[in-house]
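Let's take a walk through this structure together, stopping wherever the fold has something to show. Keep the 3D view open as you read.

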Amino acid sequence: MQANQATDLLFEISHTGRRCHRLPGSDVPAVDINVLLPAEYIAEAPPALPELAEIDLIRHFVNLSKRNMSIDTNFYPLGSCTMKYNPKRHERLAALPGLANLHPLQNDASCQGMLHMLWEMQNILGEIAGLDTVALQPAAGAQGELTALLVAAAYFRDRKEQRTRVLIPDSAHGTNPASAAIAGFQTVSIKSTAKGLVDMQDLKAKLDDQTAVFMITNPNTIGLFDTQIADITQVLHDRGALVYLDGANMNAIVGITRPGDFGADMMHFNVHKTFTGPHGAGGPGSGPIAVRTFLDPYLPAPLVVKEGDRFKLDYDRPKSIGRVRSFFGNVGILLRGYCYIRTLGPEGLREMTENAVLNANYLLARLKGAYEVPNGDRCMHEFVASARALKRDRRISAMDVAKRLLDFGYHAPTVYFPLVVPEAMMIEPTETESKETLDAFAATMIKIRQEDAEFLHQAPHTLSISRPDEIKAAKEPVLRWKN
């Protein structure tokens, strides 16, 4: 049978003696490897790697890549993930040799340009946040959450305050309670109202002197801006607690309002969401945190500081929580974000936000007659539709809709989240999609709801696999090939 260069493993298309490259002979004297290395570090035989021609390797990976969806190939309305287009100009700029070839262990004097840009990025993000100091080290949003909570724990520990509880809305990202638990806090869930906002009565009832932090995403995961935010932050501050803003949804408010201005004491950014660094599949990402001045001493070290006209990494931070990431974090993603911000400028960032909100509201208006939208006629950057009525009346679930969308070349929206909406479909078009794309997606969503239920249960119909056992794939992954 002929090999399939897209799906067969490299080992399966391997042929003994094939090479991508043949290196020239060494032009330095040969040295016995047994002299250079201790015997316990020398393998008995070379690793059994596949042997391929370059064309075999290229075809394998290019064909494999064509089996995936990406923001470069498909509309990707993955709610809360902000899957906006990543400008290729910024990819090229971040890959310039003077930046890409720096080593993280170089001395400060030899990488002043890089340090200058990172220093500016700290200041820019601080201005966008409305907060005083920024640490760029965390590698993703969830690590930013954890870092901020570790900073909060260090702050209260330094003040000799025994605060053990973190309050979290029931509509929050699942990483919020996970981060709180890892940081050593107990988590307490705060109910949402029927309108999808924080239930103030429940918040006040559960707020006490043991409360360290209230974690809130605003706009929240339902796509609504909580207009009670000033009252919420005041209530927390009156009890000596801190307010943490999950910055996953900053694409809805950049240039319009600032978390520090409405009371947040600390927050994280998702540079790979809001400022177009590529992300997905576990990385890369970047989750800088911004804090008020009184939390500055506890930030992870180092920070970039300016002394005269020179820049350096400041490790002299005795109250710091220490490193949370190797070296300085994912600098390549920070550089892409820096390029994006400098390209757009303040006016462009505000326009980015306005267009993201406009696109989401346009799509909501197109779909609300065909699908239930439990929380209103308006949204911020995303909205949550529900297949609840479809499932009740015709046995068509959110998963059926999501799988069928693949047949039309669209990635599915986020489904079954947030948990407070049954059969949830969280849709976020971002600002980078055209009206034509949104219209085509809306027409497809309307068409799908009219299709036969049994037909939808078997979707997708055009892909090489339909509905794999996702639980088994997670619990019993095949991670290596064996002869």
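A good place to begin is helix α13 (residues 398–407), where 8 of the 10 residues are buried, so the helix is largely enclosed by the rest of the structure. Bear in mind as you look that this is a predicted model. Which residues of α13 are the buried ones? They are Ala-398, Asp-400, Val-401, Ala-402, Lys-403, Arg-404, Leu-405 and Asp-407. You will notice that charged side chains such as Asp-400, Lys-403 and Arg-404 are on that list. The cover over these buried residues includes two strands, β11 (414–415) and β12 (424–427), together with the helices α14 (435–449), α15 (453–457) and α16 (470–475). After α13 comes Gly-409, which has a positive phi near 85°.

Staying in this part of the chain, look next at the loop between β11 and β12, which holds Tyr-416. Its phi is near 60°, a positive value even though Tyr-416 is not a glycine. Why does that deserve a second look? Because most residues other than glycine have a negative phi, and most peptide bonds are trans. Is Tyr-416 buried or partly exposed? With a relative accessible area of 31%, Tyr-416 is partly exposed, since that value falls between the 20% limit for buried and the 50% limit for exposed.

Phe-327 offers a second case of this kind, as phi is positive there too, at about 55°, in a residue that is not a glycine. You can find Phe-327 in the loop between β9 (310–314) and α11. Phe-327 counts as partly exposed, because its relative accessibility is 39%.

Peptide bonds come next. Where is Pro-302 placed? It sits in the loop between β7 (289–291) and β8 (303–307), and the peptide bond that leads to Pro-302 from Ala-301 is cis, with omega near 5°. Another cis peptide bond joins Ala-459 to Pro-460, with omega about 0°. Pro-460 belongs to the loop between α15 and α16, and those two helices are among the elements that cover the buried residues of α13.

Now for how helices meet. Two packed helices are described by the angle between their axes and the distance between the axes. Take helix α5 (residues 112–129) and helix α11 (residues 331–367): their axes are 10 Å apart, and they pack at an angle of about 50°. The two are therefore oblique to each other, and the crossing is left-handed. From α5, the contact draws on Met-114, Met-117, Leu-118, Glu-120, Met-121, Ile-124, Leu-125 and Ile-128. Facing them from α11 are Val-331, Leu-334, Leu-335, Gly-337, Tyr-338, Ile-341, Arg-342 and Leu-349. Sorted by class, this contact has 13 nonpolar, 1 polar and 2 charged residues.

A second pair to view is helix α6 (residues 141–158) with helix α7 (residues 175–182), whose axes come within 9 Å and cross at roughly 40°. That angle makes α6 oblique to α7. Here the crossing is right-handed. On the α6 side the contact involves Ala-142, Glu-145, Leu-146 and Leu-149, which meet Thr-175, Asn-176, Ser-179, Ala-180 and Ile-182 in α7. By class, there are 5 nonpolar, 3 polar and 1 charged residues in this contact.

From helices we turn to a strand. Phe-214 is part of β4 (residues 211–217), and it counts as buried because its relative accessibility is 0%. What is Phe-214 in contact with, leaving aside its neighbours within four places in sequence? Its partners are Leu-167, Ile-168, Pro-169, Ile-190, Val-198, Leu-203, Ile-232, Leu-236, Leu-242, Val-243 and Tyr-244. One of them, Leu-203, is 11 residues away along the chain, and 9.4 Å separate its C-alpha atom from that of Phe-214.

Let's finish with the cysteines. How many disulfides does a search of the whole structure find? The search finds 0. Cys-379 helps to show why: the closest cysteine sulfur, in Cys-81, is 16 Å from its own, too far for a bond, given that a disulfide needs the two sulfur atoms within 2.5 Å. Cys-379 is buried, with a relative accessible area of 8%, while Cys-20 is partly exposed at 29%.

Methods: Residues numbered from 1 in each chain as written. Predicted model: local features only at pLDDT ≥ 70, side-chain atom pairs only at ≥ 80, totals over all residues. Heavy atoms only, no water. Buried < 20%, exposed > 50% of the residue type's maximum accessible area, 1.4 Å probe, protein only. Axes fitted to C-alpha atoms, helices over the stretch in contact; angles between N-to-C directions. Helix = DSSP H or I, 4+ residues; strand = E, 2+ residues; numbered from the N terminus. Parallel < 35°, antiparallel > 145°, perpendicular 65-115°, else oblique. Left-handed = near helix turned anticlockwise from the far one by under 90°. Contact = heavy atoms within 4.5 Å.
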